[in-house]
Amino acid sequence: ELEQLPDRIALIEAEQAALQARLANPAFYQGPAEQIRVVQTRLADLEAELDSAMARWEALEARAG
């Protein structure tokens with residue numbers, strides 16, 4: 001699991017960056033309100049996933065160390 005976490009974190013961060021780029025584009029807000037909510041919710045979910053993955057990584061490293 002410890003070996004897989006850096007890849008998982010990288011994937012989360014890549015998706016976060018893509019969503020943040022969409023949200024930074026003013027034209028995005030001219031689209032459907034539901035789509036905006038979906039992207040904002042996904043971004044919040046990714047933040048929680050990232051926090052969880054980082055905490056898990058720290059816990060596993062502490063046990064391994």
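Is Glu49 buried, exposed or partly exposed? At 27% relative accessibility, Glu49 falls in the partly exposed class, and the tour will return to this residue once its partners have been introduced. The model on display is a predicted one.

**The whole chain**

Begin with the entire protein in cartoon representation. Its secondary structure consists of 2 helices and 0 strands. The radius of gyration is 15 Å, well over the 11 Å that the globule rule gives for 65 residues, so the protein is more spread out than a compact globule. Align the view with the principal axes: the C-alpha trace spans about 50 × 15 × 15 Å along them.

Next, switch on the surface. About 4600 Å² is exposed, and carbon and sulfur atoms supply 55% of this area. Of the 65 residues, 22% are buried. A contact map offers a complementary view: among contacts with a separation of 6 or more, 62% are between residues 24 or more positions apart.

Colour the charged side chains to continue. The protein carries 6 positive and 12 negative charges, and the mean positions of the two sets are 6 Å apart.

**Gln16**

Select Gln16, which sits in helix 1, residues 5–24. Its relative accessible area is 8%, and because the limit for burial is under 20%, Gln16 counts as buried. Now display its surroundings. With neighbours within four places in sequence left aside, Gln16 is in contact with Leu43, Leu46, Glu47 and Leu50.

**Salt bridges**

Side chains of opposite charge can pair when their charged atoms come close. A search of the whole structure yields 4 salt bridges, and three of them can be visited here, beginning with Arg56 and Glu1.

Select Arg56 and Glu1 together. Their side chains form a salt bridge with an N to O distance of 2.8 Å. This pair links distant parts of the chain: Arg56 belongs to helix 2 (residues 33–64), whereas Glu1 lies in the segment before helix 1, 55 residues apart. The two partners can also be compared by accessibility. Arg56 is partly exposed, with a relative accessible area of 31%, while Glu1 is exposed at 52%.

Move to Arg42 and Glu15. Here the closest N and O atoms of the salt bridge are 2.9 Å apart. Arg42 is in helix 2 and Glu15 in helix 1, so the pair ties together parts that are 27 residues apart in sequence. Both side chains can be inspected from the solvent side of the surface view: Arg42 is partly exposed, with a relative accessible area of 29%, and Glu15 is likewise partly exposed, at 32%.

Keep Arg42 selected and add Glu49, the residue with which the tour opened. Glu49 forms a salt bridge with Arg42, and the closest N and O atoms are 3.2 Å apart. Which residues, then, are linked in a network of salt bridges? Selecting Glu15, Arg42 and Glu49 together shows that network. Arg42 takes part in both of the pairs just visited, one with Glu15 and one with Glu49.

**A distance across the chain**

For the last stop, select Ala10 in helix 1. At 39% relative accessibility, Ala10 is partly exposed. Add Ala48 and draw a distance between the two C-alpha atoms. How far apart are the C-alpha atoms of Ala10 and Ala48? They are separated by 14 Å, with their positions 38 residues apart along the chain.

How values were computed: Residues numbered from 1 in each chain as written. Predicted model: local features only at pLDDT ≥ 70, side-chain atom pairs only at ≥ 80, totals over all residues. Heavy atoms only, no water. Helix = DSSP H or I, 4+ residues; strand = E, 2+ residues; numbered from the N terminus. Rg over C-alpha atoms; globule rule 2.2 N^0.38 Å. Buried < 20%, exposed > 50% of the residue type's maximum accessible area, 1.4 Å probe, protein only. Contact = heavy atoms within 4.5 Å. Areas by Shrake-Rupley, 256 points an atom, 1.4 Å probe, with all protein chains shown as cover. Lys, Arg positive; Asp, Glu negative; His and termini not counted. Charge placed at Lys NZ, Arg CZ, Asp CG, Glu CD.
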